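Biologist: Could you take a close look at the part of this model where open space is left between the protein atoms, and then set that part in the context of the whole chain?

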Amino acid sequence: VPTGSPTNLKVLDWAGFKAAASFSFDDTLTSQSSNYAALDAVGVPLTFYVVSNNNASNSVWAQAVTDGHELGNHTAHHCRANGTDCAWGAYAGNLGTEFDQCTTHIENTTTQEDVWTSASPYGDGGYATAASSRFLLNRGVSGGQIAPNDATNPHALPCQTAAQNQSSETFDAATNSARSAGKWQIFLIHSLGGDGGYNPLSLSELVESITYAKNVGDVWADSVVHVG
């Protein structure tokens, strides 16, 4: 076992890359699971935010863990922080239980040993306190990017929420903006079409955009937990 104090060590911003990009997917929608093979084929670790009462027992999510992707916590029922507007099932009674039920589901149905990041349903800031005692990071929905060692609240991370039918050029422009600024761009994707999910977009446009971030050369394209 090594002993003594480390010396002459330097932590490199974005693991030595110029910038970083993470592609996150909310709600475990059926269009995500049915198109998983095409997403995985790009070769970039992705983050899927699981709602444990929506399509979360699909075997594709266990495969995603095996393939090196991250499963994050998007609560059990996708309610607002005051317990209303639950998208899938009835409110568990408090925010901690909403998170804990989802984490238990992920750990019981996949080989992922822990859950490190979460995403607030509806981007509701009321989840930040419960998230801070359970997760390394929590993603919100406000726009923006993260600079190394800046004052960004780690439990209210900004992102770019993909618009309906967002083009690859728009995704790539955000990636290039992060490159120019030396920052981390998180993307938030919902539906890939046909499941009634929020802001559906084209699979081919998305795949092209993830591929661009991977191949541009100076961007660390990786999951939220790895970059975080």
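The answer below takes up the pockets, then two unusual backbone angles, and then the surrounding fold.

Modeller: The model is predicted, so local features are given only at pLDDT of at least 70 and side-chain atom pairs only at 80 or more, whereas totals for chains, interfaces and linings use all residues. Numbering starts from 1 along each chain as its sequence is written, and side-chain values use heavy atoms, without hydrogens or water.

The largest pocket (an open set of 1 Å grid points where a 1.4 Å probe fits, with protein on both sides within 12 Å along at least five of seven lines) holds about 320 Å³ of space, a volume being what is filled by probe spheres on the joined points. Its lining (residues with an atom within 4 Å of a point) comprises 17 residues, and those nearest the centre are Trp14, Ala147, Pro148, Asn149 and Gly228. By class, this lining divides into 11 nonpolar, 4 polar and 2 charged residues, where Ala, Val, Leu, Ile, Met, Phe, Trp, Tyr, Cys and Pro are nonpolar, Asp, Glu, Lys and Arg charged, and the others polar.

The second largest pocket offers about 230 Å³ of space, and its lining is also made of 17 residues, with Asp27, His78, Tyr122, His190 and Tyr198 lying nearest the centre. Here the lining has 7 nonpolar, 7 polar and 3 charged residues.

Tyr122, one of the residues nearest the centre of the second largest pocket, also has a positive phi, near 60°, although this residue is not a glycine. Tyr122 sits in the loop between strand E4 (117-119) and helix H5 (128-132), helices (H or I, at least four residues) and strands (E, at least two) being DSSP runs. With a relative accessibility of 33%, Tyr122 is classed as partly exposed, that is, between the buried range under 20% and the exposed range over 50%. Ala15, another residue other than glycine, has a positive phi of about 55°, lies in the segment before strand E1 (19-26), and is partly exposed at 46% relative accessibility.

Two leucines give a view of the packing elsewhere. Leu157 lies in the loop between strand E5 (137-139) and strand E6 (160-161) and is buried at 3% relative accessibility. Neighbours within four places in sequence aside, Leu157 is in contact (heavy atoms within 4.5 Å) with Leu137, Asn138, Arg139, Gly140, Ile146, Thr152, Trp184 and Ile186. In the case of Asn138, which is 19 residues away along the chain, the C-alpha atoms are 6.2 Å apart.

Leu95 belongs to helix H4 (residues 95-109) and is likewise buried, at 13% relative accessibility. Beyond the neighbours within four places in sequence, Leu95 is in contact with Ala81, Gly126, Tyr127 and Ala130. The C-alpha atoms of Leu95 and Gly193, which are 98 residues apart along the chain, are separated by 30 Å.

As for the whole, the protein chain has 8 helices and 8 strands, and its C-alpha trace spans about 50 × 45 × 30 Å along the principal axes. Of the 228 residues in the protein chain, 49% are buried. When contacts between residues at least 6 apart in sequence are taken, 66% of them join residues at least 24 apart.

Note on methods
Buried < 20%, exposed > 50% of the residue type's maximum accessible area, 1.4 Å probe, protein only.
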